[in-house]
Amino acid sequence: LCCECGQFHLLLDNHLYNFQDEVDDELICHICLQPLLQPMDTPCGHTYCFKCLENFMQEYNFCPMDRKKLSFQQCHKSSLLVRNLLDKLIVFCPFKAECQQTMQRCELEAHLQNRCPGFKKYKSELQRKKNPISKGKEDPPTKVETNTPKDPEVPSGGSSLVAESSAAAVVSLGTAEPGLVNPAFEETEEGESLIQKGNYRTSLVAETTTIEIHREDPEEELGMRIVGGKDTPLGNIVVQEVLRDSVIAADGRIAPGDHILEVNGVNISSVTHCQAVSFLRHPGPVLHLMVLQEKGFSNKTAQQDSTSATNREVIHVTLIKRDRSEPLGIKLIRKTDEAGIFILDLLEGGLAAKNGKLSRNDRVLSINGQDLRQGTPEAAAQIIQTTESRVNFVVLRQPGVQLSDLVEDGSTSNNSSSSSSSNGGSPVHHRRRLDQNHYRRKSTYQKGYVNHEKTVAIKKEPKESLGITIGGGRDNKNKLPIYVTSVQPIGCLFRDGRIKRGDVLLSINGIDLTHLNYYEAVSALKSNAASHSVVLKALEILSLNSTEPSLDIKEQGFSWSPLWITWLGLPSYLHFCQDIVLSKGNLESWGFSIVGGFEESKGNQPFFIKTIVPGTPAFRDRKLKCGDEIVAVNGVPAIGMSNSELIPMLKEQKNKVTLTVVSWPGSLV
């Protein structure tokens with residue numbers, strides 16, 4: 001907590017204030033979009049906050065407004081008149097529950113230190129937490145302070161493993177932001193939650209813990225739905241839902257949003273969705289799960305980096321890319337017990353591996369002169385991905401040290417889907433709103449799956465049953481199309497053999513089934529089954545990967561439903577889009593991270609929700625789920641957008657945003 005403004009913010013960011021009245025636009029910084037702090041004038045006549053302009057000029061050499069060539073040395077303090085006007089703006093005390101006073105902005109610090117009962121109470125509680133009563137307790141789970149929730153991707157932790165996921169772009173996952181980053185010039189969405197003031201810092205805390213699940217019946221399903229996998233933009237395996245009265249629900253330790261890192265000692269951070277389902281469905285009386293659980297933001301005494309330089313060597317390495325998009329083949333991670341970022345692995349055949357000078361467990365001190373001693377994997381990946389040719393590493397190496405206590409929040413220079421590289425201007429504002437129920441995208445983006453529409457005409461006896469059971473329906477909570485859950489060994493469809501379990505039923509005898517609820521579909525199927533002939537139109541989703549494990553071998557004890565990954569292959573006309581409206585205060589962040597979006601190497605990928613942070617608007621609303629696909633923001637389609645387009649668009653929404661999402665049920669395990 002900042003002692004000057006009484007709010008949480010990054011150490012290098014501006015102070016935050018709750019202004020009583022709307023501030024004139026002439027007194028607003030057009031980088032952070034907040035009232036000016038320590039205003040600086042440019043030769044071209046624009047005014048910005050000192051810190052905003054200083055940070056901006058470290059990356060660019062032009063004015064953010066008119067793009068005229070500019071250096072920080074050419075700028076000067078604004079006039080005393082302007083500074084006085086800003087200091088006299090009326091603000092609320094941030095401790096509203098205990099103090100309702102208003103005062104001039106320049107008086108707030110003295111008020112907090114000398115007169116505010118709320119700040120006094122906060123300091124007392126903080127002191128009490130620093131000196132807790134000692135109690136015997138078990139060893140606590142590993143705590144991971146993540147500087148990019150991230151999924152950037154996203155905050156994570158794990159002993160001896162790392163998720164091979166892209167660095168998820170975080171949508172305002174940090175603590176109270178000092179406004180909106182100018183979308184026209186934003187290059188990275190690090191979503192850093194680490195803030196330091198005095199001896200304290202606020203971080204997004206995640207814990208890794210091993211959970212032992214006992215089943216009386218070894219065949220009983222666990223009772224949770226999962227999303228993700230290395231063959232999807234999500235990367236990790238994430239719990240989407242825990243079913244009531246299930247084994248997992250009875251245990252009570254696993255919750256939606258948890259990342260599953262290991263199953264019975266097997267690292268599933270780099271397996272496909274189907275492989276993860278197979279591991280989790282494996283029968284047995286005892287199941288050992290290592291999970292990463294985000295705990296939200298937490299204050300913690302900051303510890304000095306006491307790393308000794310003894311026996312350590314500083315090494316300079318230069319890698320030369322043939323072009324900007326060439327990957328280096330480096331996996332970067334964080335550790336739970338040491339600040340900074342480390343090299344987890346060098347991908348075989350990659351540029352770094354061929355160079356041979358970088359090693360596993362090297363700590364990255366800087367890249368291209370940018371200090372990363374307190375950095376994140378996502379920040380490093382962003383620097384690498386935006387570098388045209390020479391990538392200069394400075395690393396610290398201690399021989400003989402093994403990687404341990406790794407966090408999931410890894411990044412690799414192979415993947416730029418979540419980086420928010422600037423193209424010099426935000427094209428978001430020029431997009432046309434589409435007034436339609438379905439936001440069209442190709443259904444074939446999910447490699448390994450294709451859909452095939454088929455028409456099945458059958459001659460039958462009037463009293464002969466179709467012999468199928470169905471699921472779904474638009475009254476289902478996920479608003480699913482009607483699909484076949486089983487083909488019984490009696491009935492004409494089993495004899496014909498063309499309709500299979502998992503097929504989506506489109507129509508029967510010309511009657512559209514795609515918009516019906518479950519009972520309407522049952523009625524339509526029964527009434528038309530009384531005819532001598534039946535014409536069914538159906539959509540079959542086929543897997544092209546013959547190496548995937550068969551998930552039909554062990555179905556006893558498991559309620560059958562399609563895998564989450566197969567729903568992703570449905571064409572957009574079968575999507576049921578729903579609007580989720582989130583609201584937040586001026587100083588809150590939305591509290592979710594996204595992955596996906598357009599990139600040259602992969603084309604158009606949908607945007608998925610990867611992380612929802614406890615205690616944030618997205619978490620409190622309860623409607624948004626991990627694995628949901630964002631198809632539009634405030635009515636503007638997301639298809640074709642890159643990460644660097646969608647992130648600023650989300651950050652521009654100050655207090656309210658409407659997300660149009662498609663929610664597919666996770667795979668049941």
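Glu22, Asp24, Asp25 and Glu26 form a negative patch on the surface of this predicted model. One member of the patch, glutamate 22, sits in the loop that runs between β1 (18-19) and β2 (39-41). Its relative accessibility is 80%, and glutamate 22 therefore counts as exposed, since the label applies over 50%.

From this patch we can step back to the whole protein. The chain has 669 residues, and buried residues make up 54% of them. Its secondary structure comes to 13 helices and 35 strands. The area that the protein exposes is about 30,100 Å², of which carbon and sulfur atoms supply 49%.

Next comes a stretch named in a record. An unreviewed UniProt entry carries the annotation "domain: RING-type" for residues 29-67. In the model, this span is 21% helix and 15% strand, and the C-alpha atoms at its two ends lie 16 Å apart.

The last residue number of that span leads to a point about the backbone. Most residues other than glycine have a negative phi. Arginine 67 is not a glycine, yet its phi is positive, at about 65°. Arginine 67 is found in the loop between α1 (50-57) and β4 (76-77), and with a relative accessible area of 38% it is partly exposed. Asparagine 264 also has a positive phi, near 50°, and is a residue other than glycine. The loop that holds asparagine 264 lies between β13 (259-263) and β14 (266-267). Asparagine 264 has a relative accessible area of 37%, so it is partly exposed.

Charged side chains are the next topic. Side chains of opposite charge can pair when their charged atoms come close. A search of the whole structure finds ten salt bridges. In one of them, the side chains of aspartate 87 and arginine 105 meet at 3.9 Å, N to O. This pair links distant parts of the chain, 18 residues apart: aspartate 87 belongs to helix α2 (residues 80-87), while arginine 105 is in the loop between β6 (102-104) and α3 (108-114). The two partners can be described by their exposure. Aspartate 87 is partly exposed, with a relative accessible area of 30%, whereas arginine 105 counts as buried at 6% relative accessibility.

Another salt bridge joins the side chains of glutamate 241 and arginine 225, again at 3.9 Å from N to O. Here the link is between two strands: glutamate 241 is in β12 (residues 237-242) and arginine 225 is in β11 (residues 224-228), 16 residues apart. Both glutamate 241 and arginine 225 are buried. Lysine 623 and aspartate 621 also meet through their side chains in a salt bridge, at 3.6 Å from N to O. Lys454, Asp503 and Glu540 are linked in a network of salt bridges.

Residues can also be compared by their separation along the chain and in space. Glutamine 578 and valine 631 are 53 residues apart in sequence, and their C-alpha atoms are 9.7 Å apart. Glutamine 578 lies in strand β29 (residues 578-583) and counts as partly exposed at 27% relative accessibility.

The walk ends at helix α13, which covers residues 643-652. Nine of the ten residues in α13 are buried, so the helix is largely enclosed by the rest of the structure. Among the buried residues of α13 are Leu646, Ile647, Met649 and Leu650, and also the charged residues Glu645 and Lys651.

Technical notes
Residues numbered from 1 in each chain as written. Predicted model: local features only at pLDDT ≥ 70, side-chain atom pairs only at ≥ 80, totals over all residues. Heavy atoms only, no water. Patch = residues over 30% accessible without salt bridge, like charges linked within 9 Å, V, L, I, M, F, W, Y side chains within 5 Å. Areas by Shrake-Rupley, 256 points an atom, 1.4 Å probe, with all protein chains shown as cover. Salt bridge = Lys/Arg side-chain N within 4 Å of Asp/Glu carboxyl O. Charge placed at Lys NZ, Arg CZ, Asp CG, Glu CD. Helix = DSSP H or I, 4+ residues; strand = E, 2+ residues; numbered from the N terminus. Buried < 20%, exposed > 50% of the residue type's maximum accessible area, 1.4 Å probe, protein only. UniProt positions renumbered as here; feature names shortened; annotations may be inferred.
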